[in-house]
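Open the model in your viewer and keep the selection box handy. We will walk from stop to stop, selecting a few pieces at a time and looking at what is there.

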Amino acid sequence: MVEILSSAFMQKALLVGIIVSLISGIVSVFVVLRKMSFIGAGISHAAFGGVAIGFFTGINPVITAIVYCAATALGIEIVSRKGKVSEDASIGIFFASSMALGIVLISLSKEYTVDLYGYLFGNILAITAGEVQISMVVAVVVIGLILLFLKEIYMTTYNEEIARVSGIPVRAVNTMFLIILAVSIVISMKIVGIVLVSALLVIPGATAKLFAKNLHFMIATSCGVAVLSTAAGLFISYEFDIAPGGSIVLTATAIFLTALFLKRKR
Amino acid sequence: MKAVEIKNLTVRLNGREVLNNLFLSLDEGRFLGVVGPNGGGKTTLLKAILGLIKPSSGDIRVFGKSPEEVLKSGRMFGYLPQVSKVAQDFPIRVIDIVMMGRYGRIGMLRWPKEEDRRKALEYLTVMGIEDLKYVPFSELSGGQQQRTSIARALAGEPKILMLDEPNTGIDVIGQGDFYHLLKGLQKRFNITILMASHDIGTIPAYVDEIACLNYTFHYQGDPVGALDETVLNDLFGKDVDLLHHTDICEKCERLRRV
């Protein structure tokens, strides 16, 4: 244990892991309550296209991915709100076409393909000092926005029509949440990778919902599950020399299944 | 003052005309029952008044203001959507739901104050559910859930209470009590109530006015006349048997003799 914590790269990994877990923990609560798991999975796969744009243009892939994912999230929302295409179909279309765009752009810029593995499956051990700072800033902004507009997000999640009748600008709240979701996905992508990131946005919230009697309790539990999964997953990955992304998500899954078992027993 | 005034209202949803040429004039403090078959446009009418649906033509005034203006202020209506529209497994306690009713008054970037807490508790007491304040919503009976939702709607101290099929999920015995309770609220707070329901048999005994809606209004006014056979045929189609809620149910007696 001491040995793990004494290495600088593990310290950084653990620090970023905890920061990102707090973000995904709080966002996960609303992903689960708003039944947005599938849109989360869609946006996270779209991140592949966003990262590829970064590789292709030479701009920092995290920035292109944030912009691309936010645009995709809003695109899905607009297409399905117009009513011509159902939401699941529009997620499916955006998701697949973004992956295709990514594949095309990557094949055009062969020299960068080495980094690609890190984006797809996560590379928490290769976190740079700059990325630690970015994740701290994102954490302050995302968690700050959610807490500032907690009433509005909560009521809109409970029932959109009641929220509108109470004078809450529901569409603005929903748009803000979609952008928060896109940013959280991109920032979590570094930890567990594009393929697994949606797990961090679903499992903590779903676990917390099993026991939650109110919102604050659910947020606290969800953040706790996310932090515990990341920390324990990292140690397991170090001990047994396995991929951290996989071990973090499997740890989270194990916590969820244990919680489900305890809940059923009661 | 007129609480709600509607002229010439027509609403189309997805290309289909749902409401046609409605006129309505409701005085402040009255209890209006909007009855009619499912799919007859009751919910659409309520939503148009609330400003949630834009009419294709006609004019709606709520205390002299347009629904858009009213929606922005967020203080005019206490609204109960149909029960099925609210997630049953949402992690929320009774007190949290009632406090939600204050959000429109509290406003953005502000937090509930002592007064908001006091009001929330006050309306819990009015609805007789103060002992349940820390109980999760999902653990309540249908009747308790409706009382909680009404406490939430009242907590915003609205001028108009809009109820969409509020008797769903409450057993038949409880329904009479429920309407009685609404009647009491109307008198106590001098609040205007608009209630949509398909329960045409019981409602006339409790409301001040009734409007029979199926695509257009087939009857408006005194609740007693709404039970007229021609109105009911217009509303529900032919071959409608009405079960009057009296001490002795004539229809049941007749059926028993057959």
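Before the first stop, one term: contact here means that heavy atoms lie within 4.5 Å of each other. Angles between elements are taken between their N-to-C directions and run from 0 to 180 degrees. Keep in mind also that this is a predicted model.

**Stop 1: a helix across two strands**

Select residues 142-155 of chain B, which make up helix α6, together with strands β5 and β6 (160-164) of chain B. Helix α6 lies across both strands and runs at about 160° to β5(B).

**Stop 2: the six-stranded sheet**

Now add the rest of the sheet in chain B. In what order do its strands stand? Going across, you meet β5-β6-β7-β3-β8-β9, six strands in an open sheet with mixed pairing. Look at the edges, where β5 (77-80) and β9 (216-221) of chain B stand. Each of these has a single partner strand, so one of its sides is left without a neighbour in the sheet. From one strand to the next, the twist averages 15°.

Zoom in on residues 31-35 and residues 209-214 of chain B, which are strands β3 and β8. The two run parallel and are joined by four bridges. For an example of residues facing one another, pick B:V34 and find B:A211 opposite it in β8(B). Then show residues 229-236 of chain B: this is helix α8, packed on the sheet and touching β3, β8 and β9 of chain B. The direction of helix α8 makes about 40° with that of β8(B).

**Stop 3: the three-stranded sheet**

Stay in chain B and select β2, β1 and β4. These three strands form an open sheet in the order β2-β1-β4, with antiparallel pairing. Strands β2 and β4 (57-62) of chain B are the edges, each pairing on one side only. Neighbouring strands here are turned by 15° against each other on average, direction ignored.

Between β1(B) and β4(B) there are five bridges in the antiparallel sense. To find a matched pair, click on B:T10 and look for its bridge partner in β4(B), which is B:S57. Next, show residues 42-50 of chain B, helix α1, which packs on this sheet. Helix α1 touches β1, β2 and β4 of chain B, and its direction makes about 120° with that of β1(B).

**Stop 4: charged pairs**

Side chains of opposite charge can pair when their charged atoms come close. How many salt bridges does a search of the whole structure find? The total is 18 over all chains. Let us visit some of them.

Show the side chains of B:K2 and B:D27, which meet in a salt bridge of 2.9 Å, N to O. B:K2 sits in strand β1 (residues 2-13) of chain B and B:D27 in strand β2 (residues 16-27) of chain B, so to speak of sequence, they are 25 residues apart. Both residues are partly exposed: B:K2 has 31% relative accessibility, and B:D27 has a relative accessible area of 34%.

Move on to B:R105 and B:E157, whose closest N and O atoms are 4.0 Å apart in their salt bridge. B:R105 lies in helix α4 (residues 103-106) of chain B and B:E157 in the loop between α6 and β6 of chain B, so the pair ties together parts that are 52 residues apart in sequence. Add B:R102, B:D116, B:K119 and B:E122 to the selection, and you have a network with B:R105 and B:E157, joined by salt bridges that share partners.

Now switch to chain A and select A:R81 and A:E77. Their salt bridge has its closest N and O atoms 3.1 Å apart. Both residues lie in helix α4 (residues 61-81) of chain A, four residues apart, about one turn of the helix. Are they buried or partly exposed? A:R81 counts as partly exposed at 38% relative accessibility, while A:E77 counts as buried at 19%. The cut-off for buried is under 20%.

**Stop 5: a helix with a buried face**

Finish with residues 129-148 of chain A, helix α7. This helix has 20 residues and reaches 29 Å from its first C-alpha to its last, close to the 28 Å expected at 1.5 Å a residue. Colour its buried residues: A:E131, A:V132, A:S135, A:V138, A:A139, A:V142 and A:I146. Turn the view to look down the axis of α7(A): the buried residues fall within an arc of 130°, so they line one face of the helix. The face turned away from that buried side carries the exposed residues A:Q133, A:V137 and A:V140. To see what covers the buried residues, show the elements that include α2 (8-33), α8 (150-158) and α10 (170-192) of chain A.

Definitions and conventions:
Residues are numbered from 1 along each chain as its sequence is written. Chains are lettered from A and ligands numbered from 1 in the order in which they are written. This is a predicted model: local features need pLDDT of at least 70, side-chain atom pairs count only at pLDDT 80 or more; totals for chains, interfaces and linings use all residues. Side-chain values use heavy atoms; hydrogens and water are left out. Two strands pair if DSSP finds at least two bridges between them. Buried means under 20% relative accessible area, exposed over 50%, partly exposed in between (1.4 Å probe, protein chains only). The expected span of a helix is 1.5 Å times one less than its number of residues. The arc is that of the directions from the helix axis to the C-beta atoms.
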